[in-house]
Amino acid sequence: MSEIKYNTKHSGDILDYLKENPGVHLTAQEICRHLNDMGKSVGLTTVYRQIERLVGNGLVNKYVLDGSESACFEYIGNDGQGRDKNCFHCKCLECGKLIHLECSEILNLETHLKADHDFVLDMTRTVFYGLCKDCRGKSA
């Protein structure tokens with residue numbers, strides 16, 4: 001079980017916000033904006049510093065999908081109730097939405113790649129690109 005070795009009010013506020021949004025990938029900018037909207041004055045540098053500490057403590061996952069985009073963060077918990085650190089993502093090419101993909105069929109692909117092609121996926125960076133349901137509906 002990971003523990004926060006050094007806890008601050010901002011760290012707690014960030015962690016609380018991430019816990020309130022399970023399965024949602026949030027950028028540091030979105031977290032900072034939310035905290036400021038809630039009347040909690042905090043700078044972006046502080047958010048980055050605190051969230052990296054939470055990542056280091058194993059409470060939050062960091063996802064960097066494209067070199068030109070901001071990292072996203074997601075609460076995974078420290079008691080086995082959060083999301084598995086190994087996950088896949090779908091990213092909409094139209095709206096940019098990032099969707100967690102938890103699917104046993106995809107795990108079969110991971111097994112196949114390792115067994116038949118001697119290739120191990122980095123599950124925190126595996127992204128399938130396409131169109132989400134909402135964007136497909138717009139073009140129909």
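A residue is called buried when its relative accessible area is under 20%, exposed when that value is over 50%, and partly exposed in between. With these cut-offs in hand, aspartate 13 can be classed as buried, because its relative accessible area is 6%. The model in which this value was computed is a predicted one, and the paragraphs below go from the whole chain to particular places in it.

Taken as a whole, the chain has 140 residues, of which 35% count as buried. Its accessible surface comes to about 8,600 Å², and carbon and sulfur atoms supply 49% of that area. Five helices and six strands make up its secondary structure, and a reader who follows the sequence from its start meets them in the pattern α-β-α-α-β-β-β-β-α-β-α. If we take the contacts in the chain with a separation of 6 or more, 53% of them are between residues 24 or more positions apart.

One place to look at more carefully is where two helices pack together. Two packed helices are described by the angle between their axes and the distance between the axes. For helix 2 and helix 3, the angle is about 115 degrees and the axes are 9 Å apart, and the crossing of helix 2 and helix 3 is right-handed. On the side of helix 2, the contact is made by Ala28, Gln29, Ile31 and Cys32, while helix 3 contributes Leu44, Val47, Tyr48 and Ile51.

We can now turn to charged side chains. Side chains of opposite charge can pair when their charged atoms come close. How many salt bridges does the structure hold? There are four of them, and one joins the side chain of lysine 40 to that of aspartate 13, with a distance of 3.2 Å from N to O. This pair links distant parts of the chain, since lysine 40 sits in the loop between helix 2 (28-37) and helix 3 (44-56), aspartate 13 belongs to helix 1 (residues 9-19), and the two are 27 residues apart. Whereas aspartate 13 is buried, lysine 40 is partly exposed, because its relative accessible area is 34%.

Another salt bridge is formed by the side chains of lysine 62 and glutamate 52, at 2.7 Å from N to O. Lysine 62 lies in strand 2 (residues 60-63) and glutamate 52 in helix 3, so this salt bridge ties together parts of the chain that are 10 residues apart in sequence. Lysine 62 is partly exposed, with a relative accessible area of 34%, and glutamate 52 is also partly exposed, with a value of 34%.

The side chains of aspartate 134 and lysine 97 meet in a salt bridge as well, at 3.6 Å from N to O. Here too distant parts of the chain are linked, with aspartate 134 in helix 5, lysine 97 in the loop between strand 4 (88-92) and strand 5 (98-101), and their positions 37 residues apart. Aspartate 134 counts as partly exposed because its relative accessibility is 46%, and lysine 97 counts as partly exposed at 36%. Elsewhere, salt bridges that share partners join Lys9, Asp13 and Lys40 into one network.

Finally, the surface also has a nonpolar patch, formed by Leu93, Tyr129 and Leu131, which together have about 320 Å² of accessible area. Of these residues, leucine 131 is found in the loop between strand 6 (127-130) and helix 5 (133-139). Leucine 131 counts as partly exposed, because its relative accessibility is 43%.

Terms used: Residues numbered from 1 in each chain as written. Predicted model: local features only at pLDDT ≥ 70, side-chain atom pairs only at ≥ 80, totals over all residues. Heavy atoms only, no water. Patch = residues over 30% accessible without salt bridge, like charges linked within 9 Å, V, L, I, M, F, W, Y side chains within 5 Å. Areas by Shrake-Rupley, 256 points an atom, 1.4 Å probe, with all protein chains shown as cover. Salt bridge = Lys/Arg side-chain N within 4 Å of Asp/Glu carboxyl O. Helix = DSSP H or I, 4+ residues; strand = E, 2+ residues; numbered from the N terminus. Buried < 20%, exposed > 50% of the residue type's maximum accessible area, 1.4 Å probe, protein only. Contact = heavy atoms within 4.5 Å. Axes fitted to C-alpha atoms, helices over the stretch in contact; angles between N-to-C directions. Left-handed = near helix turned anticlockwise from the far one by under 90°.
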